[in-house]
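Subject: The model you asked about

Hi,

Here is the structure, ready to open in your viewer. Have a look first, and then read on for what turned up.

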Amino acid sequence: MNDVIKQYIVEKEPYYHSVTDEVALYEAAYSVRMPMMLKGPTGCGKTRFVEYMAWKLQKPLITVACNEDMTASDLVGRFLLDANGTRWQDGPLALAARYGAICYLDEVVEARQDTTVVIHPLTDNRRVLPLEKKGELINAHPDFQLVISYNPGYQSLMKDLKQSTKQRFGALDFNYPSHDIETEIVTHEGGVSADIADKLVSIAERARNLKGHGLDEGISTRMLVYGASLIAKGVDPKDACRVTLVRPITDDPDMRDALDAAVTTFF
Ligand SMILES: Nc1ncnc2c1ncn2[C@@H]1O[C@H](COP(=O)(O)OP(=O)(O)OP(=O)(O)O)[C@@H](O)[C@H]1O
């Protein structure tokens with residue numbers, strides 16, 4: 001394997017608790033190098049899943065957190081000026097395509113429209129990435145795969161992937177895990193007892209019922225792990241819940257009261 005890409009190998013097995021058959025489905029998709037879309041709310045395990053899969057498949061993983069200022073050049077690369085003149089620097093997508101990594105574009109819908117143009121020829125049978133400024137066409141390495149994440153809750157008509165983009169991907173649905181699995185995850189990741197984790201998950205379940213009734217998004221597994229990690233450090237559970245579960249998610253006083261009530265039911 002090329003030295004440039006070696007640093008992106010996931011050395012240690014990431015902790016990932018599977019939820020259904022997503023591991024087998026992803027393996028099958030990777031075996032035919034199908035571009036994949038991981039759909040689901042924030043903090044429900046999509047990034048951890050792709051890290052785990054990269055480790056399992058022993059393929060390097062290059063992750064890009066997309067944002068609205070991101071341009072196609074940020075993905076593809078650009079000429080840099082240094083003491084010796086100009087030199088080309090591959091962007092993360094070019095690196096992955098050239099040397100054979102899994103490239104994970106987190107929340108690609110946030111990026112500007114011109115970025116979707118560059119992923120199109122990579123995600124059909126051409127599997128090429130044109131570096132227009134450099135005048136080069138990269139034929140993707142056989143190990144290359146593109147994975148994107150997509151949060152259906154955030155999309156509006158103004159900002160969504162076009163059908164011509166969506167239809168280039170296979171998709172896996174993610175959601176908050178079932179009560180027992182989420183309890184195991186919070187126990188493991190947060191370093192608390194199963195009893196405490198169980199209470200945190202129960203609070204989240206109540207809050208998730210408020211989604212669409214005052215809350216835009218549910219309390220995520222990530223937030224529960226944060227809460228657990230404060231409790232594991234000796235913070236009073238009620239305070240830990242306020243800091244990690246209630247305050248970040250809403251400023252609405254009525255919603256905060258409703259969430260506080262859920263916290264006091266369990267702690
Ligand atoms: N199935 C799971 N197995 C192990 N850990 C999990 C799982 N689901 C969630 N987690 C925990 O929740 C945290 C957040 O998950 P992750 O970062 O994968 O979310 P995400 O869906 O990628 O969020 P975002 O869309 O905001 O990037 C992880 O760091 C991990 O601690």
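Let me start with a small one: which residue follows helix 5, and what is its phi? The residue is Gly100, and its phi is positive, near 90°. Please keep in mind throughout that this is a predicted model.

Helix 5 itself covers residues 92-99, and 7 of its 8 residues are buried. The buried ones are Leu93, Ala94, Leu95, Ala96, Ala97, Arg98 and Tyr99.

**The overall picture**

The protein chain contains 12 helices and 9 strands. Its C-alpha trace spans about 65 × 40 × 40 Å along the principal axes. Of the 267 residues, 38% are buried. If you take the contacts with a separation of 6 or more, 71% of them are between residues 24 or more positions apart.

The domain assignment splits the chain into domain 1 (3-173) and domain 2 (179-266). Their C-alpha centres lie 31 Å apart. Where the two touch, 9 residues come from domain 1 and 11 from domain 2. On the domain 1 side of that contact there are 4 nonpolar and 5 polar residues, with no charged ones.

There is also a record to set beside this. UniProt, in an unreviewed entry, lists residues 182-265 as "domain: CbbQ/NirQ/NorQ C-terminal". In the model that stretch is 70% helix and 0% strand, and its end C-alpha atoms are 19 Å apart.

**Around the ligand**

I expect you'll want to go here next. There are 21 residues around the ligand, and those that come nearest are Thr42, Gly45, Lys46, Thr47 and Arg48. Helix 3 (46-57), helix 8 (179-190) and helix 10 (221-232) each give two or more residues to this shell. Both domains take part, with at least three residues drawn from each of domain 1 and domain 2. Sorted by class, the shell has 7 nonpolar, 9 polar and 5 charged residues.

**Two hairpins**

Strand 3 (residues 77-82) and strand 4 (residues 85-90) run antiparallel and are joined by 6 bridges. They form a hairpin with 2 residues between them, and Asp82 stands opposite Gly85.

The other hairpin is made of strand 6 (residues 128-131) and strand 7 (residues 136-139), again antiparallel, with 4 bridges. Here Leu131 stands opposite Glu136. There are 4 residues between these strands, and Gly135 has a positive phi near 70°.

Strand 6 is a nice one to look at side chain by side chain. In a regular strand the side chains alternate between the two faces of the sheet. That pattern shows up in strand 6: Leu129 and Leu131 point to one face and are buried, whereas Val128 and Pro130 point to the other and are not.

**Leu172**

Is Leu172 buried or exposed? Leu172 is buried, because 20 other C-beta atoms lie within 10 Å, and 20 or more is what the label takes. Leu172 sits in strand 9 (residues 170-173). Leaving aside residues up to four places away in sequence, Leu172 touches Glu22, Leu25, Tyr26, Met36, Leu38 and Lys39. Pro121, by contrast, is 51 residues from Leu172 in sequence and 22 Å from it in space, C-alpha to C-alpha.

**Two odd backbone angles**

Gly100 and Gly135 are glycines, but a positive phi also turns up elsewhere. Gln58 has a phi near 55°, a positive value in a residue other than glycine. Gln58 lies in the loop between helix 3 and strand 2 (61-65). Gln58 counts as exposed because it has 10 C-beta neighbours inside 10 Å, and the limit for that label is 12 or fewer.

Glu107 is the other case: its phi is positive, about 55°, although it is not a glycine. You'll find Glu107 in the loop between strand 5 (102-106) and helix 6 (113-119). With 18 C-beta neighbours inside 10 Å, Glu107 counts as partly exposed.

Best wishes

Terms used. Residues are numbered from 1 along each chain as its sequence is written. This is a predicted model: local features need pLDDT of at least 70, side-chain atom pairs count only at pLDDT 80 or more; totals for chains, interfaces and linings use all residues. A residue is near a molecule or strand if its C-beta atom, placed from the backbone, lies within 6 Å of it. Ala, Val, Leu, Ile, Met, Phe, Trp, Tyr, Cys and Pro count as nonpolar, Asp, Glu, Lys and Arg as charged, and the others, Gly among them, as polar. Domain bounds come from an automatic or database domain assignment. Two residues are in contact if their C-beta atoms, placed from the backbone, lie within 7 Å. UniProt positions are given in the numbering used here, feature names are shortened, and annotations may be inferred rather than shown by experiment. Two strands pair if DSSP finds at least two bridges between them.
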